[in-house]
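User: I'm new to reading structures and would like a close look at a single part: the place where the ligand sits. Could you walk me through what surrounds it and how the neighbouring parts are built?

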Amino acid sequence: MERQGLNVKVSNNDCKSENISRKRKLAEHRKSLPVASVENLLIQEVLRNDTLIIVGETGSGKTTQIPQFLFNAGFCRDGKAIGVTQPRRVAAVTVAKRVAEECGVEVGQKVGYSIRFEDVTSSSTRIKYMTDGLLLREALLDPYLSRYSVIIVDEAHERTVHTDVLLGFLKKVQKTRSRSLNDSFNTENVNTNGLVLKKGNNGKYVSSLRQHRGRKLPPLKLIIMSASLDARLFSEYFGGARAFRIPGRQYPVAISYTRKHVLDYSETTLITIFQIHLEESPGDILAFLTGQEEIESIENLAKETIQKLPESKRNLVVIPIYSALPSEQQLRVFAPTPPGVRKVILATNIAETSVTIPGIKYVIDPGFVKARTYDPNKGMESLIVFPTSKAQALQRSGRAGREGPGKCFRQYPEDMFYKLEDSTKPEIKRCNLSNVILQLTALGVDNVAEFDFLEAPPRQAIFKSLEQLILLGAIANDGKLSDPVGHQMARIPLDPIYSKALIVASQSNCLEEMLITVSMLSVESIFYHPREKQEEARAKMKCFSSPEGDHLTLINVYRSAVDFLNKKKLELNKDKLEKSLRKWCKENFINSRSLRHARDIHSQIRGHVERMGLPLNSCGDDMLQFCRCLAGSFFLNVATKQPDGTYRDFASGEVVQIHPSSVLFRKKPDCVIFNEFVQTNNKYIRNITKIDRLWLLELAPHYHALKS
Ligand SMILES: Nc1ncnc2c1ncn2[C@@H]1O[C@H](COP(=O)(O)OP(=O)(O)OP(=O)(O)O)[C@@H](O)[C@H]1O
């Protein structure tokens with residue numbers, strides 16, 4: 001006993017001194033960041049300008065430090081908060097954790113984060129990191145964003161559709177809040193924005209939002225940040241807003257290029273990983289790839305190669321990260337590596353901006369990214385692999401110089417870099433806009449075509465998406481949200497076509513089945529077919545296959561997994577249960593990560609529909625009923641067989657083929673609904689169910705009776 005007590009005492013002391021030295025290190029690190037030298041100047045600029053554009057090298061401290069400067073300068077007096085938006089969930093979570101640690105608080109207290117389906121904030125949260133999409137959702141409940149004194153839109157160069165919509169919306173909120181500002185402040189020491197500027201004892205500027213009369217709001221300060229944005233474009237959009245440049249960078253990153261064009265970037269990436277591992281000094285590796293399937297294939301090849309290395313060189317671990325991975329699995333990449341082990345992270349562009357992955361010294365950038373494209377003429381959206389922009393290449397190399405000097409290996413010749421586009425084409429110009437239009441309409445924007453966008457999307461895309469929303473019954477003839485369907489759809493955080501499917505299903509007695517379907521459709525590839533075990537995998541898939549098509553097949557997989565868990569629940573604890581599910585998945589050639597993600601989405605969306613009061617009903621064994629419900633939900637995506645065995649998409653007239661991964665690939669029914677259009681060398685449709693064409697006349701006459 002005594003011994004144990006002694007041990008505890010010693011380790012407590014160890015802990016304490018470890019904590020103190022960690023705190024000291026963090027404080028020193030903060031002081032060493034380039035942004036630290038301009039703290040005062042920055043605060044003055046924010047006080048003087050309602051909108052400020054801040055440009056500073058990657059790693060200079062923008063995301064983690066500027067919100068803390070603003071907090072210390074008094075921007076959260078009166079209970080107001082500073083909101084910081086990020087294009088990606090993983091960045092919002094990890095940055096919030098880091099800033100909470102720097103402030104010496106638990107995440108969720110003074111510093112918190114909020115992302116779709118996860119809110120780690122409290123009434124005492126004053127610095128809140130969140131995704132840009134989440135702030136837009138918050139605006140539905142609080143159109144003046146009244147709880148915020150400052151909004152920082154970080155990584156604005158990414159130009160995600162949410163960032164662009166948010167900027168237009170924030171511009172509007174700023175105008176409204178400025179108008180509502182009571183002008184009877186005490187004018188002494190007050191600048192034009194109604195903020196009091198005082199120099200504090202420590203020589204730092206401190207602002208105070210003077211108590212305003214009545215319930216009027218102080219102006220909303222807006223900061224737009226990035227390492228690589230077109231400051232002029234943003235400045236013009238915000239009426240000549242001031243741009244502030246943070247001088248200096250933290251650590252140098254040496255860039256190298258290939259001598260020749262590479263034919264297969266996956267192969268060269270794999271080779272480069274092992275060259276670094278065998279020849280370079282210690283430090284972790286981050287390699288950028290384009291998607292889950294590519295990552296999984298390189299992950300397997302890398303693991304096989306590691307096994308072939310001499311024992312002493314097998315100290316390399318491979319960790320994947322992509323957006324379809326559940327949050328806690330994504331966070332695995334941030335765990336420190338044990339001494340003597342090198343990790344290689346295979347990432348999509350999810351790890352491109354904002355995140356700091358401890359230990360990364362080497363970046364491999366093949367120069368490609370998978371991005372959405374949209375053809376408004378055909379109403380078809382597809383994912384295509386494109387070369388990155390210069391801005392993306394700079395962000396990627398920036399991940400290497402965050403804890404010390406780093407190296408970036410670009411897998412293309414140097415002259416290629418200069419040929420890249422400066423910045424990424426804004427997503428709003430290359431995506432289906434139905435989600436944007438639904439959100440803007442819910443925010444009270446009646447004429448989306450006239451909305452003040454930073455760069456307007458093609459008018460044709462607006463009209464096409466508007467037409468889709470009208471056909472789905474979300475928007476009424478007067479351009480407003482329909483009641484109740486449009487309002488319900490705007491509340492469900494899914495693509496409008498899936499939100500509508502849930503509403504249709506609740507009216508057709510099969511909401512349970514549709515909930516499973518949309519959850520499974522929201523993740524990437526449930527089945528995996530390893531090259532060397534194609535036949536075995538195909539045989540296993542047959543056990544789940546439904547002759548009706550892929551939707552019912554997905555339901556079969558989900559229900560089999562739930563049955564398996566229910567059977568084992570009594571014998572195993574939670575950890576062992578998950579482990580045995582993973583084994584079950586492996587035996588059945590099911591991607592356990594995707595299945596887990598689908599289960600998460602299912603439970604979260606289920607919560608939403610329950611709160612909305614939709615009846616959680618099931619059609620039981622009546623699968624005909626469910627297939628009719630699929631037809632009534634996805635009537636915009638119909639394809640019919642042609643004499644030569646190909647299909648014609650009903651809406652666009654395009655010739656398409658059933659994707660080889662579909663259970664209907666060989667069966668070729670006369671008429672199908674589908675959920676995905678994929679363009680590779682051929683045009684494919686994926687996630688398909690056979691239907692009776694006559695159902696469409698009955699279930700969606702407003703579209704099919706007119707078009708037939
Ligand atoms: N989670 C973390 N773990 C360890 N160090 C971190 C973490 N987050 C930030 N840092 C350190 O703080 C520095 C500043 O990070 P910050 O994200 O504020 O920079 P930034 O200027 O916003 O960069 P970027 O433009 O790339 O987002 C990083 O270079 C890194 O050294």
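Analyst: Here is a walk through the ligand's surroundings, followed by the parts of the chain around them.

Please keep in mind as we go that this is a predicted model.

Let's start with the ligand itself. Its surroundings consist of 21 residues. Thr58, Gly59, Thr63, Thr64 and Arg402 are the closest of these. If we sort the shell by residue type, we find 14 polar residues, four charged ones and three nonpolar ones.

Where does the ligand lie with respect to the domains? The shell draws residues from both domain 1 (33–246) and domain 2 (253–425), so the ligand lies between them. The domain assignment also gives a further part of the chain, domain 3 (434–693).

Which helices help to build the shell? Helix H3 (62–72) and helix H4 (89–103) each provide at least two of its residues. H3 gives the most, with four residues.

To place those two helices, we need to look at a sheet. This open sheet has eight strands, in the order E4-E3-E5-E2-E6-E9-E1-E10, and its pairing is mixed. Strand E4 (118–120) and strand E10 (242–246) form the edges, each pairing on one side only. From one strand to the next, the twist averages 20 degrees. H3 packs on this sheet and touches strand E1 (51–56), E2, strand E5 (127–131), E6, strand E9 (221–226) and E10. The direction of H3 makes about 165 degrees with that of E2. H4, in turn, lies across E2, strand E3 (111–115) and E5, and runs at about 170 degrees to E3.

It helps to zoom in on one pair of strands. In general, the strands of a sheet pair through backbone hydrogen bonds, either parallel or antiparallel. Strand E2 (residues 81–86) and strand E6 (residues 148–153) run parallel and are joined by five bridges. One example of a bridge here is Ala81, whose partner in E6 is Tyr148.

Now let's follow the chain out of E10. Pro252 sits in the loop between E10 and strand E11 (253–256). Is Pro252 buried or exposed? Pro252 has 12 other C-beta atoms within 10 Å, and a residue with 12 or fewer counts as exposed, so Pro252 is exposed. Leaving aside residues up to four places away in sequence, Pro252 touches Gly401 and Pro405. Pro252 and Pro405 are 153 residues apart in sequence, yet their C-alpha atoms are 5.1 Å apart in space.

Finally, let's see how domain 2 meets domain 3. Their C-alpha centres lie 30 Å apart. In the contact between them, 14 residues of domain 2 meet 18 residues of domain 3. On the domain 2 side, helix H9 (292–308) and strand E17 (380–387) are the elements that give two or more residues. E17 has the largest share of that side, four residues. That side of domain 2 divides into seven nonpolar, four polar and three charged residues.

Further along the chain, there are antiparallel strands to compare with the parallel pair we saw earlier. Strand E19 (residues 638–641) and strand E22 (residues 671–679) run antiparallel, with three bridges between them. There, Ala639 stands opposite Val672 in E22. E22 is also joined to strand E23 (residues 683–690), again antiparallel, by seven bridges. One of the pairs is Gln679 with Lys683 in E23.

How values were computed:
Residues are numbered from 1 along each chain as its sequence is written. This is a predicted model: local features need pLDDT of at least 70, side-chain atom pairs count only at pLDDT 80 or more; totals for chains, interfaces and linings use all residues. A residue is near a molecule or strand if its C-beta atom, placed from the backbone, lies within 6 Å of it. Ala, Val, Leu, Ile, Met, Phe, Trp, Tyr, Cys and Pro count as nonpolar, Asp, Glu, Lys and Arg as charged, and the others, Gly among them, as polar. Domain bounds come from an automatic or database domain assignment. Two strands pair if DSSP finds at least two bridges between them. Axes are lines fitted to C-alpha atoms, for helices over the stretch in contact, and angles run from 0 to 180 degrees between N-to-C directions. Two residues are in contact if their C-beta atoms, placed from the backbone, lie within 7 Å. A residue is buried if 20 or more other C-beta atoms lie within 10 Å of its own, exposed if 12 or fewer, and partly exposed in between; C-beta atoms are placed from the backbone.
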